[in-house]
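Here's a set of worked exercises to go with a model you can turn around on screen. Have a go at each task before reading its solution.

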Amino acid sequence: MHHVRTITDSECNPQAAEAAPRPSLRGTTAPPGTLTAVPQADQTSPESYPGPPRPARVEPVPLAELARLLDAEAPDTVVTGTGDTDVSATGITHDSRAVRPGDVYAALPGARLHGADFVEQARSLGAVAVLTDPGGTARAEATGLAVLTVPDPRGRMGELAATLYGKPGEDLLQIGITGTSGKTTTAYLVDGGLRKAAEQGVPGAARPSQGGGGRQAGGLTGLIGTVESRIGDERIKSERTTPEATDLQALFAVMRERGVTSVAMEVSSHALVLGRVDGCVFDIGVFNNLSPEHLDFHPDMEDYFQAKRQLFTPRRSRAAVVNFDDEYGFRLLTELGEEGFPVTTFSAEGHPDADWRAEDVVLGPFGSTFTAVGPEGQKVSAGVPLAGPFNVANALAALTALVAAGIDPHTAAEGISEVPGVPGRLQRVDAGQDYLAIVDYAHKPDAVESVLYAVRKVTDGAVHAVLGCGGDRDPHKRPAMGAALARLSDTAVLTSDNPRTEDPLAILATMLGGAAEVPAHERGTVLLEEDRAAAIRAAVARAGSGDTVLVLGKGHEQGQDIAGVVRPFDDTQVLGAAIHERAAECAAAPRAPSVPRSDPSPSADIHRTDDQNR
Ligand SMILES: CC(=O)N[C@H]1[C@@H](OP(=O)(O)OP(=O)(O)OC[C@H]2O[C@@H](n3ccc(=O)[nH]c3=O)[C@H](O)[C@@H]2O)O[C@H](CO)[C@@H](O)[C@@H]1O[C@H](C)C(=O)N[C@@H](C)C(=O)N[C@H](CCC(=O)O)C(=O)O
Ligand SMILES: Nc1ncnc2c1ncn2[C@@H]1O[C@H](COP(=O)(O)OP(=O)(O)OP(=O)(O)O)[C@@H](O)[C@H]1O
């Protein structure tokens, strides 16, 4: 049975893939013992959602005080229930499984469930009160706990969490980064600058609201984002890009307790819409870019823009840093200018009207150097240890944000250039091979294009790229991703990402539909392989000296979710293993040359990379 095949023009249509036999994916590539259950939101095991770290010391806050706080904005707040209303709370969580003794449990109406159905679990774990909406009141009261009812508990829990934990955000310099692409990378680069500032004891943020008084950027740094949260050097795996407000405020409190003074964090559009950053006022909000993504959550691009836009209002940020080169960035800049909101701009394309611009950019396979030119004409030598023009933009965004926060530009640039890399972002896999092998998290059309352009610029030979699209996520982007891969790679291997509950071949068919739209003379060889490990081996098998193998879409992720079951899967490890296997094969037999773009019949690769490796 061959799963790898080259598509011909006649079968380059979605129906061909639909019609293909569908071998079962379940359990074919890993023994059952290696499978682990995905934590589902509706699992009720307390272990399945441990929640974030909690501060060691919290001053108890009387429930009456919390009710007064809620009442100030929602006068219809009702304190009910048969339980003791004369209690004090020491924490808050939105998840019944993460309740700790003394917590308020926020029982939220969700898209699928109502938190009120889990109040009994919350009570048994030690919750002292419930915050809920009118739809949850009766179920909450049934447990005998005190109940606070407000029309929109999700919209109020951030503020309550901040109050309960003693407003920890106010003691942290906070830089929040939003945009479709580059949030994670920019956050790591900002962290590099903050670390350098701390190391050098350089004066830090001078908050406009405090008349420039400001705090020092000394102390430890914190990082919050898709890959992980960091408290200094302690690393905590992330559940999502921006934690829910109750978790975020607890994390801030722990950071403060452990000596963190500045935080770089990613702010997703989901976070802004779902109130996850309620209770935060960022010293600097950064806008990177906007391109189609999450259109399953946002009805259209305008809604998506307006979601991001919320970060740049006085209740969320004190000042903005905006990408001058981005169409939506320019719009934001114009709107903020009219509102008199403080903005600093950056242009990686070197636009003279931007406050900070990149000049003398030298792109290399392992990173780039450039001169950052400031508003007073000051010149700062800068570098970024990640390839691609878009990483020059990310680095300049970081530098501009750090400078806007009061950090010296040379210190900022030094810190940025010393960042050791970002997990799963243009991460090289080096097993001694004579071609480049890279793992990258690109999983939206814009990012796939950017990374392919970037890699082509620094590759003398051919580019062999592997990509899938995630299931249960925005399906609109799939054809565009298939098309980008087919157009910009010499070999495009379409494969599975996390199919989740969707049929992997149906996802592949949609990607293939996009690839088929690319005229044959503009497209590389397109292969279909639903097994991701086999797809990676197929790409490696075609690599010759000076080529690049690019594995896209999953970056830092450690598992692959197929039909609700996550099996361990790390692109960097699978790619490394494939390179070793290929080297061993080559040692045993003369190496086959890489297949040039024009080669019409790469069938030898099909046989070499198939079932015997499974
Ligand atoms: C669309 C979205 O973001 N949904 C979030 C939302 O889910 P929901 O309203 O459907 O909640 P639900 O599952 O109906 O449950 C209702 C309530 O019951 C609670 N519950 C449920 C089960 C239980 O045992 N105990 C319990 O207390 C839940 O915590 C929830 O508060 O509220 C839940 C917690 O309150 C979140 O976990 C959930 O995020 C889901 C997991 C998610 O996947 N979100 C993704 C799309 C996301 O947020 N992504 C962004 C963007 C990333 C990027 O830019 O690429 C991110 O910031 O990560
Ligand atoms: N400024 C940028 N413009 C376009 N593409 C970018 C940019 N920065 C990074 N990318 C691409 O997008 C991928 C994701 O980058 P990164 O994780 O930094 O962004 P993100 O906004 O955090 O993404 P996500 O929201 O998907 O987690 C990278 O692996 C890279 O391929």
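## Getting oriented

The domain assignment splits the protein into domain 1 (5-34 + 425-613), domain 2 (61-164) and domain 3 (168-350); such bounds come from an automatic or database domain assignment. Keep in mind that this is a predicted model: local features need pLDDT of at least 70, side-chain atom pairs count only at pLDDT 80 or more, and totals for chains, interfaces and linings use all residues. Residues are numbered from 1 along each chain as its sequence is written, while chains are lettered from A and ligands numbered from 1 in the order in which they are written.

## Exercise 1: the domain 2 and domain 3 contact

Work out how many residues of domain 2 are in contact with domain 3, and which elements supply them.

Step 1. Start with the centres: taken over C-alpha atoms, those of domain 2 and domain 3 are separated by 28 Å.

Step 2. Count contacts, where two residues qualify if their C-beta atoms, placed from the backbone, lie within 7 Å. You'll get eleven residues of domain 2 against ten residues of domain 3.

Step 3. Look at the elements on the domain 2 side: strand 6 (91-93) and helix 5 (153-164) give two or more residues to it. Helix 5 has the largest share, seven residues. Here helices (H or I, at least four residues) and strands (E, at least two) are DSSP runs, numbered from the N terminus.

Step 4. Sort that side by chemistry, and you have five nonpolar, four polar and two charged residues. In this scheme Ala, Val, Leu, Ile, Met, Phe, Trp, Tyr, Cys and Pro count as nonpolar, Asp, Glu, Lys and Arg as charged, and the others, Gly among them, as polar.

## Exercise 2: two ligands

Find out which domains ligand 1 lies between, then do the job again for ligand 2.

Step 1. Collect the shell of ligand 1, taking residues whose C-beta atom, placed from the backbone, lies within 6 Å of the molecule. There are 22 residues around ligand 1, and the closest are Gly110, Ala111, Arg240, Thr241 and Ser268. By class, this shell has seven nonpolar, nine polar and six charged residues.

Step 2. Ask who contributes: both domain 2 and domain 3 give residues to the shell, so ligand 1 lies between them.

Step 3. Move to ligand 2, which has 23 residues around it, with Gly182, Lys183, Thr184, Thr185 and Ala447 the closest. Helix 6 (183-200), helix 11 (389-404) and helix 13 (445-457) are the elements giving two or more residues to this shell. Helix 13 gives the most, with four residues. The classes come out as six nonpolar, twelve polar and five charged.

Step 4. Domain 1 and domain 3 both feed this shell, so ligand 2 lies between those two.

## Exercise 3: the listed binding site

UniProt lists Ser96, Thr241, Thr242, Ser268 and Arg276 for "binding site" in an unreviewed entry. Explain why these residues do not all gather at one spot, and say whether Ser268 and Arg276 are buried or exposed.

Step 1. Check the spread: the listed residues span 181 residues in sequence and the farthest two C-alpha atoms are 24.0 Å apart, so they do not all gather at one spot. A caution on the record: UniProt positions are in the numbering used here, feature names are shortened, and annotations may be inferred rather than shown by experiment.

Step 2. Place Ser268, which sits in the loop between strand 14 (260-266) and helix 8 (269-273). Ser268 has 24 C-beta neighbours inside 10 Å and so counts as buried. The cut-offs: buried means 20 or more other C-beta atoms within 10 Å of a residue's own, exposed 12 or fewer, partly exposed in between, with C-beta atoms placed from the backbone.

Step 3. Leaving aside neighbours within four places in sequence, Ser268 contacts Thr241 and Thr242.

Step 4. Arg276 is in the loop between helix 8 and strand 15 (284-287), and with 25 C-beta neighbours inside 10 Å Arg276 counts as buried. Beyond residues up to four places away in sequence, its contacts include Thr242, Pro243 and Glu244.

## Exercise 4: the nonpolar core

Identify the residues with the most contacts inside the largest nonpolar core.

Step 1. Use the definition: a nonpolar core is a set of buried Ala, Val, Leu, Ile, Met, Phe, Trp, Tyr and Cys residues joined through C-beta atoms within 7 Å.

Step 2. The largest such core has 173 residues, and Leu399 and Leu494 have the most contacts inside it. Helix 11 brings the largest share, twelve residues.
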